[in-house]
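Q: I'm new to this one, could you walk me through the structure?
A: Gladly, here it is, and then we can take the parts in turn.

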Amino acid sequence: MKKGKAITLLSVVCALLAVLLAMTFVRFSVGVKDYNSIIGAIELGYDMEGGTAYTVSLAKDNKEDVEDINKVLNTLGSRLDALGYDCYSLTALKDVKSGSKDYAIKVETKKTDTFSADMEAVFAYGKVEFYGGSSSNPTTKIMDKENAVAKCYYVSGDSTTHYAAIEFTDYGYNALKEAMDAESGTFYFKIALGDNTILNSSLDSNGIQNKTVYASSSAKADAERIVLQISTGGLAYKYDLEKAVSYDVPAAFGENTALYSLVAVVSLVVCAIVFFAVKYKGYGLIATLSLLFFILVETAMLIAVPGITLNFGGVVGILAATVLAADGLIIIIKRIDEEYALGKTVKAAVSTGYKRSLFPVLGTNLFAGVAALALLFLTKGYVRVFAITFGIGAVISFFTAMLIARMFTSLILPLTKNPDNFLNLKRAGK
């Protein structure tokens with residue numbers, strides 16, 4: 001590449017990086033509005049910025065003592081997971097003096113707009129039952145959930161419509177059709193969980209497709225709660241939701257956790273940059289620009305990918321991915337050094353070095369990606385968010401090493417008088 005063209009392209013790329021860097025970390029005014037930075041737009045978990053606590057006790061008319069509180073906590077945890085809560089804590093509270101088995105439950109998590117309704121769904125009590133008839137509030141029971149529902153799942157419609165798809169078994173479908181055929185006029189279909197109505201609407205034969213009823217909702221969260229309640233039913237123990245206590249809680253790791261996490265990430269990047277500058281001289285500039293690209297894209301992905309709530313586990317994932325990115329850059333410079341030591345020119349050594357680095361870098365990042373994918377499906381909470389940020393980082397790390405670092409190498413080397421000295425390359429025996 002000609003020197004003039006290399007200078008122009010490098011200037012443009014560096015200017016873009018500088019703008020993105022400012023947009024990521026700096027707040028500034030834009031006309032009459034304030035730009036809050038990309039960092040400021042990241043959604044944080046309750047462990048990093050605080051949230052809310054929700055404490056609920058067993059109702060007085062609960063019929064049974066809680067024999068296995070761990071089973072209850074596991075059930076509650078699975079329901080919180082299903083509703084998209086990645087970061088939370090569940091604590092069983094017991095009156096030691098009385099020796100009671102009537103545990104209260106405390107949930108700590110990030111407060112959302114649907115928090116109250118979500119907690120009602122999580123702590124719901126009772127069995128799922130299906131009713132139908134000519135009344136707008138039917139009381140004639142058609143069937144219980146047992147052996148009637150094959151599965152219930154969420155289906156996305158357009159931006160304003162969401163569905164809870166209820167797929168019936170042959171038994172359930174036949175029972176529903178028989179009830180519908182018995183009514184000559186409008187048929188009303190109701191699904192109840194204990195004393196609470198989950199769904200109540202008119203239904204005709206056109207509303208059933210492939211033994212499936214699609215319950216529509218204007219909000220995704222409402223549809224997901226319907227799916228949760230029909231799929232899992234209610235708890236075996238009745239909790240007094242009317243007397244539940246909700247209050248704000250500070251960040252689990254301290255009020256400055258988010259700031260300290262940012263400092264940790266920036267410190268790691270700076271340490272990596274200093275290492276490259278000391279160890280590999282001019283290659284440190286290539287590594288610096290590449291790592292800046294990596295951390296900017298990784299940060300942007302926290303906003304671009306829907307559903308990510310950054311918690312402490314996610315920060316650890318970013319740190320691990322940063323180390324992975326630096327490792328890929330080290331592999332490349334070592335391969336280039338090996339090729340140059342064999343007597344090749346700098347241009348040939350760089351070309352062959354990048355080619356030889358492809359499979360080692362791909363293998364490392366592929367292994368990391370597969371591990372992250374496994375953790376994503378097998379774990380929850382902190383580990384799951386770690387898997388998300390680490391997995392995204394593994395993908396970005398590969399492209400940073402094989403494409404971005406090579407681009408900067410191609411742009412910078414034509415500007416140097418002695419590229420071998422710039423990259424700190426040495427011949428064998430010297």
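Q: Before we start, what angles count as roughly parallel?
A: Angles under 35 degrees count as roughly parallel, and those over 145 as roughly antiparallel. Please keep in mind as we go that this is a predicted model.

Q: OK, how do the axes of α5 and α7 cross?
A: Helix α5, residues 115–122, and helix α7 have axes that come within 10 Å and cross at roughly 10°, and α5 and α7 are therefore roughly parallel to each other.

Q: And which residues make that contact?
A: On the α5 side the contact is made by A117, D118 and A121, and on the α7 side by R225, L228 and Q229.

Q: Let's zoom out, how many helices and strands does the chain have?
A: The chain has 13 helices and 14 strands, and its C-alpha atoms fill a box of roughly 90 × 60 × 50 Å along the principal axes.

Q: What is its radius of gyration, set against a compact globule?
A: The chain has a radius of gyration of 29 Å, whereas a compact globule of 430 residues would have one near 22 Å.

Q: How much of the chain is buried, and how much area is exposed?
A: Of the 430 residues, 43% count as buried, while the chain exposes about 22200 Å², with carbon and sulfur atoms supplying 57% of that area.

Q: What share of the contacts comes from residues far apart in the chain, 24 or more positions?
A: Among the contacts with a separation of 6 or more, 74% are between residues 24 or more positions apart.

Q: Now the sheet with β8, what is the strand order?
A: The order is β8-β9-β13-β12, an open sheet of 4 strands with antiparallel pairing. The edge strands, β8 at 149–156 and β12 at 208–209, each pair on one side only.

Q: Which helix packs on that sheet?
A: Helix α7, residues 220–232, packs on the sheet and touches β8, β9 and β13 (212–217), and its direction makes about 170° with that of β8.

Q: How many bridges join β8 and β9?
A: There are 7 bridges between β8 and strand β9, residues 162–168, in the antiparallel sense, and S156 stands opposite H162 of β9.

Q: Different topic: is β10 mostly covered or open?
A: Strand β10, residues 188–193, is mostly covered, since 5 of its 6 residues are buried.

Q: Which strands does β10 pair with?
A: Strand β6, residues 128–133, pairs with β10 in the antiparallel sense over 6 bridges, and 6 bridges also join β10 to strand β11, residues 196–202, again running antiparallel. A192 of β10 is the bridge partner of E129, and A192 has T197 of β11 as a bridge partner too.

Q: What happens at G194 in the hairpin?
A: The hairpin of β10 and β11 has 2 residues between the strands, and G194 takes a positive phi near 65° there.

Q: What is the phi of N147, and where does N147 lie?
A: N147 has a positive phi of about 65° although it is not a glycine, and N147 lies in the loop between β7 (141–144) and β8. Most residues other than glycine have a negative phi.

Q: Is N147 buried or exposed?
A: N147 counts as exposed, because its relative accessibility is 65% and the cut-off for exposed is over 50%.

Q: And what about N424?
A: N424, also not a glycine, has a positive phi of about 60° and is found in the segment after α13 (419–422). With a relative accessible area of 22%, N424 is partly exposed.

Technical notes: Residues numbered from 1 in each chain as written. Predicted model: local features only at pLDDT ≥ 70, side-chain atom pairs only at ≥ 80, totals over all residues. Heavy atoms only, no water. Pairing = 2+ DSSP bridges. Contact = heavy atoms within 4.5 Å. Axes fitted to C-alpha atoms, helices over the stretch in contact; angles between N-to-C directions. Rg over C-alpha atoms; globule rule 2.2 N^0.38 Å. Buried < 20%, exposed > 50% of the residue type's maximum accessible area, 1.4 Å probe, protein only. Areas by Shrake-Rupley, 256 points an atom, 1.4 Å probe, with all protein chains shown as cover. Parallel < 35°, antiparallel > 145°, perpendicular 65-115°, else oblique.
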